[in-house]
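Work through these exercises with the model open beside you. Try each task before you read its solution.

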Amino acid sequence: MKILVSNDDGFRAEGIRRLKDALTDLAAVTIVAPDRNRSGASNSLTLDVPLRAFEAEPDVYFVVGTPTDCVHLAISGLFDFEHDMVVSGVNDGANLGDDVLYSGTVAAAIEGRFLGLPTVAVSLCTLPGSGRHFASGAAVAREIVARLLEKPLERNLILNVNVPDLPREQLRGYRATRLGYRHRSEPAIRAQDPRGRPVYWIGPAGPEQDAGPGTDFHAVTEGFVSVTPLQIDLTRHTALAAVGDWLGALNG
Ligand code: MN
């Protein structure tokens, strides 16, 4: 069993080191991760410049690129062997609801979906001043992977796991959840550079809007590990017929 581990916080991040250590008794683990923090990179590929990969230490590689670059390269050319699954994380911060669209952590997992086993993205729901229990996140990742090895789920499945930032013994258990929704994000923050020119910071994500029972938000608020099965099919199947009718006028 060979597991590829990646993230979007960079190969030096505490979360990825904890994750590697937690999985080593289950599988041969290789880290291929970005050289620096690429949170928010989503599913981006670098196509305009070549990618460079460096071996920082045995079984730990960093790539000057995005999380998707890392996993793409790792499963299609960097090695002369195949990995069985990708585990991404443990991210420093939640990836709940709409966050999934922007998340480099989830993107790294998505890029590994064609391997033999479901892929897993693990995020620790850190907040300013919270305990930063990366050991809990890593322990949860290990339990999920061990369960997948014992009883595999369908191929091409992506599990988005969010862990409350609590000591492992205080976690209340696991919940299968759906993604909730956030309100629109906070406005961009305008500032000035030293030459008086405007610069902008992307504002924080909006507060949760759909966070009721059954959602990922609700599970972590209640102290449970949230596990959301994701798919890539973005087609809005219920609108297909209506759009076909609507286009009819254009077909003369
Ligand atoms: Mn991140």
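Rings of Phe, Tyr and Trp pair if their centres lie within 6.5 Å. Planes under 30 degrees apart count as stacked, and planes over 60 as edge-to-face. Keep in mind that this is a predicted model.

**Exercise 1. Aromatic rings**

Task: Count the aromatic pairs, then classify the pair formed by Phe54 and Phe62.

Solution:
- Step 1. The structure holds 4 aromatic pairs.
- Step 2. Take Phe54 and Phe62, whose ring centres are 5.2 Å apart, with 25 degrees between the planes.
- Step 3. Planes under 30 degrees apart count as stacked, so the pair of Phe54 and Phe62 is stacked.
- Step 4. Look for a third ring. Phe11 joins Phe54 and Phe62 in one aromatic cluster.
- Step 5. Check the exposure of each partner. Buried means under 20% relative accessible area, and exposed means over 50%. Phe62 has 18%, so Phe62 is buried. Phe54 has 38%, so Phe54 is partly exposed.

**Exercise 2. A charge over a ring**

Task: Which residue lies over the face of Phe224?

Solution:
- Step 1. Go to the ring of Phe224 and look over its face: Arg175 is there.
- Step 2. Note the distance from the ring centre, which is 3.9 Å.

**Exercise 3. Two pockets**

Task: Describe the largest pocket and the second largest pocket by volume, lining and residue type.

Solution:
- Step 1. Begin with the largest pocket. Its volume is about 1,000 Å³.
- Step 2. Its lining has 38 residues. Nearest the centre lie Ala94, Asn95, Asp99, Arg182 and Ala205.
- Step 3. Now find the elements that give two or more residues to this lining. They are strand E5 (85-92), helix H3 (99-102), helix H4 (104-111) and helix H6 (216-221).
- Step 4. Sort the lining of the largest pocket by type: 13 residues are nonpolar, 16 polar and 9 charged.
- Step 5. Turn to the second largest pocket, which holds about 620 Å³ of space. It is lined by 23 residues, and Val100, Leu101, Leu179, Gln231 and Leu234 are the closest to its centre.
- Step 6. H3, H4 and strand E13 (225-230) each give two or more residues to the lining of the second largest pocket.
- Step 7. That lining divides into 11 nonpolar, 7 polar and 5 charged residues.

**Exercise 4. The buried side of a helix**

Task: Which residues of helix H2 (residues 67-75) are buried, and what do they pack against?

Solution:
- Step 1. The buried residues of H2 are Pro67, Thr68, Asp69, Cys70, Val71 and Ala74.
- Step 2. Those buried residues pack against strand E1 (2-6), strand E2 (28-34), strand E4 (60-63), E5 and H4.
- Step 3. Follow the chain just past H2. Gly77 has a positive phi there, about 145 degrees.

**Exercise 5. Unusual backbone**

Task: Locate the cis peptide bond that ends at Val90, then place Arg132 and Asn156.

Solution:
- Step 1. The cis bond runs from Gly89 to Val90, with omega near -5 degrees. Val90 sits in strand E5.
- Step 2. Arg132 is not a glycine, yet its phi is positive, about 55 degrees. Arg132 belongs to the loop between strand E6 (119-125) and helix H5 (134-150). Its relative accessible area is 42%, so Arg132 is partly exposed.
- Step 3. Asn156 has a positive phi near 65 degrees. Its loop lies between H5 and strand E7 (158-164). With 40% relative accessibility, Asn156 is partly exposed.

Terms used
Residues are numbered from 1 along each chain as its sequence is written. This is a predicted model: local features need pLDDT of at least 70, side-chain atom pairs count only at pLDDT 80 or more; totals for chains, interfaces and linings use all residues. Side-chain values use heavy atoms; hydrogens and water are left out. Rings of Phe, Tyr and Trp (its six-membered ring) pair if their centres lie within 6.5 Å; planes under 30 degrees apart count as stacked, over 60 as edge-to-face and the rest as tilted. Buried means under 20% relative accessible area, exposed over 50%, partly exposed in between (1.4 Å probe, protein chains only). A charge sits over a ring if NZ of Lys or CZ of Arg is within 6 Å of the ring centre and within 35 degrees of the ring normal. On a 1 Å grid over the protein atoms alone, a cavity is a set of points where a 1.4 Å probe fits but cannot get out, and a pocket is an open set with protein on both sides within 12 Å along at least five of seven lines; lining residues have an atom within 4 Å of a point. Grid points are joined across faces, edges and corners, and a volume is the space filled by probe spheres set on the points. Helices (H or I, at least four residues) and strands (E, at least two) are DSSP runs, numbered from the N terminus. Ala, Val, Leu, Ile, Met, Phe, Trp, Tyr, Cys and Pro count as nonpolar, Asp, Glu, Lys and Arg as charged, and the others, Gly among them, as polar. Contact means heavy atoms within 4.5 Å.
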